[in-house]
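I opened the notebook for a walk through this one, strand by strand and loop by loop. Here is what I looked up, in the order I looked.

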Amino acid sequence: MSKIAVIGWDAATFQVIRPLIEAGALPHLGQLMERGAWGSLRSTVHPLSPTAWASFMTGMNPGKHGIYDFISLREGGTFQLTNGGDLRQQTLWSRLSEAGRTVAVMNVPMTYPPVAVNGFLIAGMDTPAHATDYTYPANLRTEIESHFGPYQIDVRARGLPWQSVAHFTDTYVDRLCASVHQQGHVARYLLEKTELDFLMVVFTATDRVQHALGHLLAGPVTPDDGIGRVYRACDAATGQILEALDEDWTIFVMSDHGACAYRRTFEPNAWLMEQGLLKLRPEPRRGPWDDYLGPASRRLRRLLGLPPGSPSGLQRFLERIVWEETAAFALGAFGSIYINARDRFPKGSITSRDTYRAVCDRIVQGMLAVRDPVNDAPIVRRIYRRDEVYQGPNAHLAPDLLLETYEDYFVRNNLDHQEGRLTAPAGRYGARSLAHTGRHTPQGILVAAGRGIVPVGEQPEAQIVDLAPTILYLNRLPVPTTMDGHPLLGWLDPAYVAAHPAQTIQEHLGGAAEGEALGEGYSTRDAAVIEEHLRNLGYLN
């Protein structure tokens, strides 16, 4: 039985890693690649953190675990922001805990509110900034803060109105590196505190810096630019963890998706409105300072312990929809389209299967033909229908259509106001303190080394759902038949594989998978905090 460490570099890409290794800037990751196996790790559709990390931790596609985006459709046709309570299947660390393994899980997205494990859990980016209940056991928070100061799950992505973008970006990179440094120390502390069998830690800083400085991804990243500095911080923190591991450990370094530069944004709701498929009520008149005063007012009310004082951006957008005259609308961070069907939404205008199919066909054909009015470039590469990519008891909660744009385009779902244009330049919009010029791609990374791994170099592409069954297999535990992934036996020592045939166990997707999520959603106050953070990161803007 191996002890296993999984170190996540959110959104890491070999496009950045290769030149930095050649420059000698990532010695620890470079050494792991030299003595192990590595290759591309295919993410989910869409390649978003909530969806991808949920698929990693369950080994299942979203149609089973039920997480599709930062915004979730609930039974009855309502929407709310997603957190770990929306996960409808058992996690890898829950299975390991039940098998008697001692685990420590840190910073994995979609783990708030924290659940009991046989060991420790520190929740990830879905934790509201003011929350104090982000650890299991509860007293772990005070223990960590007494040693390392206030714990940084994520870094605030909004500065003061008078700060220049360049100045705040430099500060932001410094804070990202500091957060990685602290998280590496905490991971090392947990390793030394208890005899662990499984360690999982995710550094989200790589994702954050690539969104803000995505234009650097268009050329070779250097060790001293903003992206290079954050990757170097992650490598140093990884090295700190590796120093605490002996030869009994198997190490995986992975990302949930990749990243690339983009130059243009696309608003699918603008196209739906042009086609007469979406009708919105007029938006309230906005003043020139609303983008600044709105967030400031919300922060002040939060500090005073008051409710948000106004509907969220998500609520305002949904209230503007004229449901009786709307056939479809886009909602989410990467291009998700919902058909306004009566069997999903109380005021749905689509009442027959024939009409539903006709609307889907019209959108697919029209979106694939749409071209940027500025440069005549095609925008949408492919559109997936729900049943093409999702299978399981929760597939009915998925978007009906999922857009895949060309890499030069990022889908922007503007909840506050429609600008009346299909496309716009990438950069700083919505009074963001940071530019937004980097987007996700489906190709993440996987590097494996240590016990049971042979130095075979580059391997064929793996799937993100393959990691959970691989880790169960290395723990000599049977792989549930409900998992969609398979153990990566080709990455492992053939002698070990021959001596330990893979086993499966029959499992039924029952309980929460048949309708009820595992936990409750956010309070109104917490939802306001999370929405503002996601806006500042560019996911809801």
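Which residue stands opposite Trp 249 in β9? I looked, and the residue is Lys 3. A reminder to myself before going on: this is a predicted model.

**Entry 1: around β9**

I started from that pair and followed the strands outward. Strand β1 (residues 3–9) runs parallel to β9, and I count 6 bridges for the pair. On β19 (residues 443–450) the sense is antiparallel, with 5 bridges to β9. For a landmark in that second pairing I noted Phe 252, which has Ala 448 of β19 opposite.

Next I asked how covered β9 is. Buried here means under 20% relative accessible area. All six positions pass: 6 of the 6 residues of β9 (residues 249–254) are buried, so the strand is largely enclosed by the rest of the structure. I then split the strand by side, since in a regular strand the side chains alternate between the two faces of the sheet. Trp 249, Ile 251 and Val 253 lie on one side, Thr 250, Phe 252 and Met 254 on the other, and both sets are buried.

**Entry 2: the whole chain**

I stepped back for the overall numbers. The protein chain holds 17 helices and 23 strands. Its C-alpha atoms fill a box of roughly 65 × 55 × 45 Å along the principal axes. A compact globule of 541 residues would have a radius of gyration near 24 Å, and the chain's 23 Å agrees with that. Buried residues come to 61% of the 541. Of the contacts with a separation of 6 or more, 74% join residues 24 or more positions apart.

**Entry 3: α7 against α8**

How do the axes of α7 and α8 cross? I found helix α7 (residues 165–193) and helix α8 (residues 205–212) coming within 10 Å, with their axes crossing at roughly 170°. The two helices are therefore roughly antiparallel to each other. From α7 the contact takes Tyr 172, Val 173, Leu 176 and Val 180, and from α8 it takes Ala 205, Arg 208, Val 209 and Ala 212. Sorted by class, that makes 7 nonpolar residues, no polar ones and 1 charged.

**Entry 4: a three-stranded sheet**

I then picked out an open sheet of 3 strands, ordered β16-β11-β17, with mixed pairing. The edges are β16 (409–411) and β17 (423–425); each has a single partner strand, so one side of each is left without a neighbour in the sheet. Neighbouring strands are turned by 30° against each other on average, direction ignored. Strand β11 (residues 264–266) and β16 run parallel and are joined by 3 bridges. Within that pair, I marked Phe 266 opposite Val 411 of β16.

**Entry 5: Phe 120**

Phe 120 belongs to strand β6 (residues 119–123). Is Phe 120 buried or exposed? Its relative accessibility is 10%, so I entered Phe 120 as buried. Beyond its neighbours within four places in sequence, the contacts of Phe 120 include Val 103, Ala 104, Val 105, Tyr 136, Pro 137 and Leu 140. Leu 190, Lys 193 and Thr 194 are also among them. I also checked Leu 196, which is 76 residues from Phe 120 in sequence and 9.9 Å away in space, C-alpha to C-alpha.

**Entry 6: cis bonds and positive phi**

Pro 137 came up again in the backbone check: the peptide bond from Tyr 136 to Pro 137 is cis, with omega near -10°. Pro 137 sits in the loop between β7 (135–136) and α6 (140–148). The bond from Val 45 to His 46 is cis as well, with omega near -5°. His 46 lies in the loop between β2 (37–42) and α3.

That led me to helix α3 (residues 49–58), where 10 of the 10 residues are buried. After α3 comes Gly 59, with a positive phi near 75°.

Two residues other than glycine also have positive phi. Met 110 has phi near 70° and lies in the loop between β5 (103–108) and β6. Asp 376 has phi of about 65° and is found in the loop between α13 (353–369) and β14 (380–385). Their exposure is worth a last note: Met 110 counts as buried at 3% relative accessibility, whereas Asp 376 is partly exposed at 48%.

Conventions: Residues are numbered from 1 along each chain as its sequence is written. This is a predicted model: local features need pLDDT of at least 70, side-chain atom pairs count only at pLDDT 80 or more; totals for chains, interfaces and linings use all residues. Side-chain values use heavy atoms; hydrogens and water are left out. Axes are lines fitted to C-alpha atoms, for helices over the stretch in contact, and angles run from 0 to 180 degrees between N-to-C directions. Helices (H or I, at least four residues) and strands (E, at least two) are DSSP runs, numbered from the N terminus. Angles under 35 degrees count as roughly parallel, over 145 as roughly antiparallel, 65 to 115 as roughly perpendicular and the rest as oblique. Contact means heavy atoms within 4.5 Å. Ala, Val, Leu, Ile, Met, Phe, Trp, Tyr, Cys and Pro count as nonpolar, Asp, Glu, Lys and Arg as charged, and the others, Gly among them, as polar. Two strands pair if DSSP finds at least two bridges between them. The radius of gyration is taken over C-alpha atoms; the globule rule is 2.2 Å times the number of residues to the power 0.38. Buried means under 20% relative accessible area, exposed over 50%, partly exposed in between (1.4 Å probe, protein chains only).
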